[in-house]
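Reader: I would love a close look at one part of this model. Could you take me through it step by step, starting wherever you think best?

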Amino acid sequence: MATQSKNPFTWVEIYVEDMSRAQKFYEEVLQIKMTPMQTPGGFGDLEMVSFPWNESDANISGALCKTKEIKPGSGGTLIYFTSEDCGKEAARVEAAGGQLLQQKEPIGEHGFCSICMDTEGNTIGFHSNN
């Protein structure tokens, strides 16, 4: 088997019921500005708002997505957002309308993580080296 030299992930979609509520949550917790995306034809009622990204950076990006075809929820996939100190994002979760499930915890040589539930019922995580 050949060794891959690049990150195998390319895009993340977080499905939501209430786009404005979800966008407000992520902008407050991550301290970012999200951008509405034009969705290509043929995707029905799909509405998307993207997280910021830089084409030349190695990390991936993604979008909040709203459609009647796919519903949000917890229990299958857990997405981690990178941060300088995951305790800072965790501290903003409840004020932004989410629920903190796990405070900042050490994960050995891999740094630290915290886990929460967003306003739509999706479980997400934050990761930092410090």
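**Two sheets and the helix they share**

Author: Happily! Let us begin with one facing pair: Glu105 stands opposite Cys113 of strand β7. In this predicted model, β6 and β7 (residues 112-117) are joined by five bridges and run antiparallel. These strands belong to an open sheet of four, ordered β5-β8-β7-β6, in which the pairing is mixed. At its edges stand β5 and β6 (99-106), each of which pairs on one side only. From one strand to the next, the twist averages 20°.

Two helices pack on this sheet. Helix α1 touches β5, β7 and β8 (123-128), and its direction makes about 15° with that of β8. Helix α2 (residues 86-93) touches β6, β7 and β8, and its direction makes about 20° with that of β7. There is also a charge to look at here: the charged end of Lys104 sits over the ring of Phe112, 4.8 Å from the ring centre.

Now for the other sheet. Four strands form an open sheet in the order β1-β4-β3-β2, again with mixed pairing. Its edges are β1 (11-15) and β2 (35-37); each has a single partner strand, so one side of each is left without a neighbour in the sheet. Neighbouring strands are turned by 30° against each other on average, direction ignored. Between β1 and β4 (residues 61-66) there are five bridges, and these two strands run parallel. Ile14 stands opposite Leu64 in β4. Helix α1 packs on this sheet too, touching β1, β3 (47-50) and β4, and its direction makes about 150° with that of β4. So α1 is in contact with strands of both sheets.

What do the residues of α1 do in this setting? Tyr26 is a good place to start, and aromatic rings come with a simple description. A pair of them is described by the distance of the centres and the angle of the planes. The count comes to six aromatic pairs. In one of them, the rings of Tyr26 and Phe81 have centres 5.8 Å apart and planes at 50°, so the pair is tilted. This pair links distant parts of the chain, with Tyr26 in helix α1 and Phe81 in strand β5 (residues 79-82), 55 residues apart. Tyr26 has a relative accessible area of 1% and is therefore buried. Phe81, at 14% relative accessibility, counts as buried because the cut-off is under 20%. Both rings are also part of one aromatic cluster, formed by Phe25, Tyr26, Phe51, Phe81 and Phe126.

Glu28 gives another view of the helix. Glu28 lies in α1 (residues 19-30) and is partly exposed, with a relative accessible area of 28%. Its side chain is joined to that of Lys24 by a polar contact of 2.9 Å. Leaving aside residues up to four places away in sequence, Glu28 touches Arg92, Ala95 and Ala96. Of these, Arg92 falls within helix α2 (residues 86-93). As for distance along the chain and through space, Glu28 and Leu78 are 50 residues apart in sequence and 20 Å apart, C-alpha to C-alpha.

To draw the picture together: α1 packs on the sheet of β1-β4-β3-β2 and also on the sheet of β5-β8-β7-β6. Within that helix, Tyr26 is buried, whereas Glu28 is partly exposed.

Terms used. Residues are numbered from 1 along each chain as its sequence is written. This is a predicted model: local features need pLDDT of at least 70, side-chain atom pairs count only at pLDDT 80 or more; totals for chains, interfaces and linings use all residues. Side-chain values use heavy atoms; hydrogens and water are left out. Buried means under 20% relative accessible area, exposed over 50%, partly exposed in between (1.4 Å probe, protein chains only). Contact means heavy atoms within 4.5 Å. A polar contact is a pair of N or O atoms within 3.5 Å; within protein, one must be able to donate a hydrogen and the other to accept it, and residues adjacent in sequence count only if both atoms are side-chain atoms. Rings of Phe, Tyr and Trp (its six-membered ring) pair if their centres lie within 6.5 Å; planes under 30 degrees apart count as stacked, over 60 as edge-to-face and the rest as tilted. A charge sits over a ring if NZ of Lys or CZ of Arg is within 6 Å of the ring centre and within 35 degrees of the ring normal. Two strands pair if DSSP finds at least two bridges between them. Axes are lines fitted to C-alpha atoms, for helices over the stretch in contact, and angles run from 0 to 180 degrees between N-to-C directions.
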